[in-house]
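Here is a friendly note to read alongside the model. Please keep the structure open while you go through the points.

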Amino acid sequence: QDAVLLVQEAKPECRGRWYLPAGRMEPAEGIVGALRREVKEESGLDCEPLTLLALEERGPAWIRFAFLARATGGTLKTLEEADAESLQATWWPGDPRSLPLRSLDILPLLDLAARYRRSPAHPATLPRELPCSPLCLRLLLPFSNASGHLWLLLATAGTPHLPVVACGTSPSELRAGLRPPLLRLLRDCLAWEPPPAALGLLGLQHRAGEPGDTDGICFNVVLSVPPGSQRDEPPEPRDPALRWWPVREEGLRGRILRRLRATVPVRS
């Protein structure tokens, strides 16, 4: 019905203002579990996620997952049920800017959700239940030339695999964004100018660990070659642990090329 679920904040610093249901994950909690819990606590509704809409990040110290979800049950919280989580919840059919909002940062997400409902920009993407010790990025870096040939960058240590780079391994990296570790890897390992750009998310894997355990997330990301690159072949890696793998199987090549145009946006 073109209405969006909003909750009225109870926190002293923003009491009475409106916002999307949101909150922090708790130790040993999965991403989807945190989503369901926060929506239930703040709005009274049960929900199921449909897809990740966007990843917002300021480095490993601050990562926010924005989901599109649907209500599956429960009842809207009323003022009589106000608590420390929220004062009340409502389905708002109009322009949210007519309300006193906690922050305008939800407006781009609402636009993104409306566009996705009209025409999905990427396949439904939800976290995969797979363990990962550090917070890291798995890199899908394709290279294609004017003749239509396609290569992927692979790491050759052990069984060939997509390169992986850890994030937040030093205090200076905690708020430096997720992009610098990738660009540093490419700068050190590839003679490529200008460096690849257009960071997008293909998916992510996470499994909540026990309290006190290392609880990481692996982001599967795409970097693409900037327009105007005139190379017939990809640049030779400086690092012998990396090599380019030609994708000759036509079906796989087509699937890769389609996914390059359908990624979850990363907002840094």
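**Notes on the two sheets and the interface**

1. A good place to start is an open sheet in which three strands follow the order β7-β8-β12 with antiparallel pairing. Strands here are DSSP runs of E with at least two residues, helices are runs of H or I with at least four, and both are numbered from the N terminus; two strands pair if DSSP finds at least two bridges between them. β7 (142–144) and β12 (242–246) are at the edges with a single partner strand each, so one side of each has no neighbour in the sheet.

2. Before going further, please note that this is a predicted model: local features need pLDDT of at least 70, side-chain atom pairs count only at pLDDT 80 or more, and totals for chains, interfaces and linings use all residues. Residues are numbered from 1 along each chain as its sequence is written, and side-chain values use heavy atoms, with hydrogens and water left out.

3. Within that sheet, strand β8 (residues 150–155) runs antiparallel to β12 and is joined to it by five bridges. Opposite Leu-153 you will find Trp-244 in β12. Helix α4 (residues 250–260) packs on the sheet and touches β7, β8 and β12 (contact means heavy atoms within 4.5 Å). The direction of α4 makes about 85° with that of β8 (axes are lines fitted to C-alpha atoms, for helices over the stretch in contact, and angles run from 0 to 180 degrees between N-to-C directions).

4. Another open sheet has three strands in the order β2-β1-β5, paired antiparallel. Its edges are β2 (18–19) and β5 (88–92), each with a single partner strand, so one side of each lacks a neighbour in the sheet. Two bridges link β1 (residues 4–8) with β2, and Gln-8 has Trp-18 of β2 as its bridge partner. Helix α1 (residues 31–43) lies across β1 and β5, at about 65° to β1.

5. The chain is divided into domain 1 (4–118) and domain 2 (127–265), with bounds from an automatic or database domain assignment. How many residues of each domain are in contact with the other? The contact involves 20 residues of domain 1 and 23 of domain 2.

6. About 1500 Å² is buried between domain 1 and domain 2, 76% of it from carbon and sulfur atoms (buried area is the accessible area, with a 1.4 Å probe, that two parts lose on being put together, summed over both). Ala-28, Leu-55 and Pro-60 supply 32% of the area that domain 1 buries against domain 2, more than any other three residues.
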